[in-house]
Amino acid sequence: MSTAISDARAEAMAKIRASQLRSAGLVGEYARADCELGHRLYELAKEGVGAYVHGESGRGKTYAASCAVRMWVDSGGKARLVSAPRLMEEIYAGFERDGDKHALDRACRIPLLALDDFGMERPTETAIEKLSILVDERVKAGLPTIFTSNMRIGVLSNSWGEVPGKRLASRVIGSCRIVELEGEDWRVKCRP
């Protein structure tokens with residue numbers, strides 16, 4: 001094979017990979033994310049086990065989730081990283097005339113979902129109902145979900161309300177390994 005054909009093929013493959021990563025919600029440094037925790041989250045996901053990764057801002061939660069999603073995509077699978085507030089916006093838009101009526105269904109079926117900033121969505125009845133459907137459907141299908149949050153699951157449960165919040169938190173806990181991240185804020189430590 002000539003060098004020109006080989007170079008063209010490599011360039012085409014790089015464009016396809018970049019497109020797959022963008023579709024998975026990975027751009028910039030998140031498309032290149034690589035860390036030990038991300039590898040562990042990926043291994044759990046391969047076993048069908050999710051993770052609830054919590055800690056203060058800047059501890060690497062999103063980066064680790066991005067690493068797991070990138071590895072999943074690189075292995076040929078479909079995955080998506082999306083913030084919980086953004087997913088709720090997509091779901092709510094489905095209620096509107098021209099909105100995407102299938103956002104929740106797609107989130108329920110994607111083989112690996114990384115739900116970033118879980119608990120930052122407004123805790124309305126509708127949000128809790130849709131998140132409960134999402135978690136229930138994914139648990140029933142045996143699909144792993146990686147949640148990242150600034151809050152411990154118990155704090156989140158209380159902010160969502162008595163019965164619905166505890167029920168949702170119980171489902172999340174039952175399907176995930178709990179990982180707490182401590183340490184320095186990397187954004188502050190590494191800023192230019």
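Which backbone nitrogen does a side-chain oxygen of S83 reach at the start of α4? The backbone nitrogen is that of R86, and the side-chain oxygen of S83 comes to within 3.1 Å of it. The model is predicted.

**Helix α4**

Helix α4 spans residues 84–93, and its buried residues are A84, L87, M88, E90 and I91. These residues lie on the same side of α4, because they cover an arc of only 160° around the axis. Among the elements that cover the buried residues of α4 are two strands, β2 (79–83) and β3 (112–116). The cover also includes the helices α5 (103–109) and α6 (125–141).

E90 belongs to helix α4. E90 counts as buried because its relative accessibility is 17%, under the cut-off of 20%. The side chain of E90 makes a polar contact of 2.7 Å with the side chain of R80.

**Cysteines**

The number of disulfides in the structure is 0. A disulfide is a covalent bond between the sulfur atoms of two cysteines. The table lists two cysteines that are in no disulfide, each with its nearest cysteine sulfur.

| Cysteine | Nearest cysteine sulfur | Distance |
|---|---|---|
| C35 | that of C67 | 4.7 Å |
| C108 | that of C176 | 15 Å |

For C35, the sulfur of C67 at 4.7 Å is outside the 2.5 Å within which a pair of cysteine sulfur atoms counts as a disulfide. Is C108 buried or exposed? C108 is buried, as its relative accessible area is 10%.

Methods. Residues are numbered from 1 along each chain as its sequence is written. This is a predicted model: local features need pLDDT of at least 70, side-chain atom pairs count only at pLDDT 80 or more; totals for chains, interfaces and linings use all residues. Side-chain values use heavy atoms; hydrogens and water are left out. Buried means under 20% relative accessible area, exposed over 50%, partly exposed in between (1.4 Å probe, protein chains only). Helices (H or I, at least four residues) and strands (E, at least two) are DSSP runs, numbered from the N terminus. The arc is that of the directions from the helix axis to the C-beta atoms. Contact means heavy atoms within 4.5 Å. A polar contact is a pair of N or O atoms within 3.5 Å; within protein, one must be able to donate a hydrogen and the other to accept it, and residues adjacent in sequence count only if both atoms are side-chain atoms.
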